[in-house]
Amino acid sequence: MAFSPPTLGSETIAHIGSFPIRNSMLMAWVAMAILIIVGVIYRKKGSNLVPKGFQNFVESIIELLFNFFNSVTQDKKQARRFFPIVATIFLFVILSNWMGILPGVGPIGFHEKESEIHETVAGSAEVKGEEKEVFIPYFRSAYADVNMTLALAIISIIVTQIYGIASLGFFSYAGKFFVNPLKDPIGTFVGLLELVSEIAKVISFTFRLFGNIFAGEILLTVISFLVPYLAPLPFYGLEIFVGFVQALVFSVLTLVFMKGAVASHHKEAHA
């Protein structure tokens, strides 16, 4: 059997009209469905004053996350305010990451024929009559596609800006980035750096998560091909740990950015 490394992008497995369904998108939908189902079940069963069983399990996770995020913000009011979005990001990222290493994710799929494309001397693409079979898995990690990590990064940064504007007001918040150069030239330069930093956060968030998950996917594929049985087990444990760390880093950075966004200039200067 020839070794076939994972492709840099996800693959299309079906269409709804002209809308392509990609294998990484399918995994994201499954993760969202699981979280929604857990939420619905908890809504129906979570009314007991003395929790037990499923209710106790869910409330333990929520309490653990809240206490941790509260220790980061050092402000219970802010922790309660930011908790819904930050906890949702954490749970979605960690569940999606861990689902990506489940048995059957990657090896199960179908073969599809595609024409080989060769470049001519002039540089134009020429399609030859030869066809080769490529393997397309039904499921891949949700973060094997950079579009998913980009979407999460955009959501995180936009929500951060919304919290900042809601807390300080539009003009006061914009004053962090746009300062009159005649009155404060240094502040103008710092404001531009802050503006560039906000844009850089999207790029950083996007490629940090994508790079780590895609690298882990390649590692597991290579190890499983070379030594199929016992050798991959330690690496699966490593990927479980990496998935947890990536979810924690993504959510904590979002929380820190939100806390910074709602701080006024005077508080930042004092700090």
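Leaving aside its neighbours within four places in sequence, which residues is S141 in contact with? Let's begin there. In this predicted model, S141 sits in the loop between β4 (125-137) and α4. Setting those sequence neighbours aside, S141 touches S24, S96, G100, V105, I213 and E217. Is S141 buried or exposed? Its relative accessibility is 5%, and buried means under 20%, so S141 counts as buried.

Now step back to the whole chain. You will find eight helices and four strands in it. If you read along the sequence, they follow the pattern β-β-α-α-α-β-β-α-α-α-α-α. The chain has 271 residues, of which 32% count as buried. Consider also the contacts in the chain with a separation of 6 or more: residues 24 or more positions apart account for 67% of them.

Next, look at how helices meet. Find helix α2, residues 54-73, and helix α3, residues 76-99. Their axes come within 9 Å and cross at roughly 125 degrees. An angle between 115 and 145 degrees is neither roughly perpendicular nor roughly antiparallel, so α2 is oblique to α3. The crossing in which α2 passes α3 is right-handed. On the α2 side, the residues that meet α3 include I61, I62, L65, F66 and F69. Among their partners in α3 are F83, V86, A87, F90 and L91. Two of the names here, F66 and F83, return in a ring cluster: ring pairs link F66, F68, F69 and F83.

A second helix pair is worth a visit. Helix α4 (residues 146-168) packs against α7 with the axes 8 Å apart and an angle of about 25 degrees. That angle is under 35 degrees, so α4 is roughly parallel to α7. Here too, α4 passes α7 in a right-handed crossing. From α4, the contact uses L152, A153, S156, I157, V159, T160, Y163, G164 and L168. From α7 come F250, T254, F257, M258 and A261. One of these, F257, has a charged visitor: K201 lies over the face of the F257 ring, 3.9 Å from the ring centre.

Let's turn to the aromatic rings. A pair of such rings is described by the distance of the centres and the angle of the planes. When ring centres within 6.5 Å are taken as pairs, the count comes to 10 aromatic pairs. One of them joins F170 and F171, with 5.4 Å from centre to centre and 85 degrees between the planes, an edge-to-face arrangement. F170 and F171 are both exposed.

How is the pair of F205 and F250 arranged? The ring centres of F205 and F250 are 4.4 Å apart and their planes meet at 25 degrees; planes under 30 degrees apart count as stacked, so this pair is stacked. The pair also links distant parts of the chain: F205 belongs to helix α6 (residues 185-226) and F250 to helix α7 (residues 232-261), 45 residues apart. Are these two residues buried or exposed? F205 has 2% relative accessibility, so F205 counts as buried. F250 has a relative accessible area of 3%, so F250 is buried as well. You have already met F250 in another role, as one of the α7 residues in contact with α4.

Definitions and conventions: Residues are numbered from 1 along each chain as its sequence is written. This is a predicted model: local features need pLDDT of at least 70, side-chain atom pairs count only at pLDDT 80 or more; totals for chains, interfaces and linings use all residues. Side-chain values use heavy atoms; hydrogens and water are left out. Rings of Phe, Tyr and Trp (its six-membered ring) pair if their centres lie within 6.5 Å; planes under 30 degrees apart count as stacked, over 60 as edge-to-face and the rest as tilted. Buried means under 20% relative accessible area, exposed over 50%, partly exposed in between (1.4 Å probe, protein chains only). Helices (H or I, at least four residues) and strands (E, at least two) are DSSP runs, numbered from the N terminus. A charge sits over a ring if NZ of Lys or CZ of Arg is within 6 Å of the ring centre and within 35 degrees of the ring normal. Axes are lines fitted to C-alpha atoms, for helices over the stretch in contact, and angles run from 0 to 180 degrees between N-to-C directions. Angles under 35 degrees count as roughly parallel, over 145 as roughly antiparallel, 65 to 115 as roughly perpendicular and the rest as oblique. A crossing is left-handed if the near helix is turned anticlockwise from the far one by less than a right angle, and right-handed if clockwise. Contact means heavy atoms within 4.5 Å.
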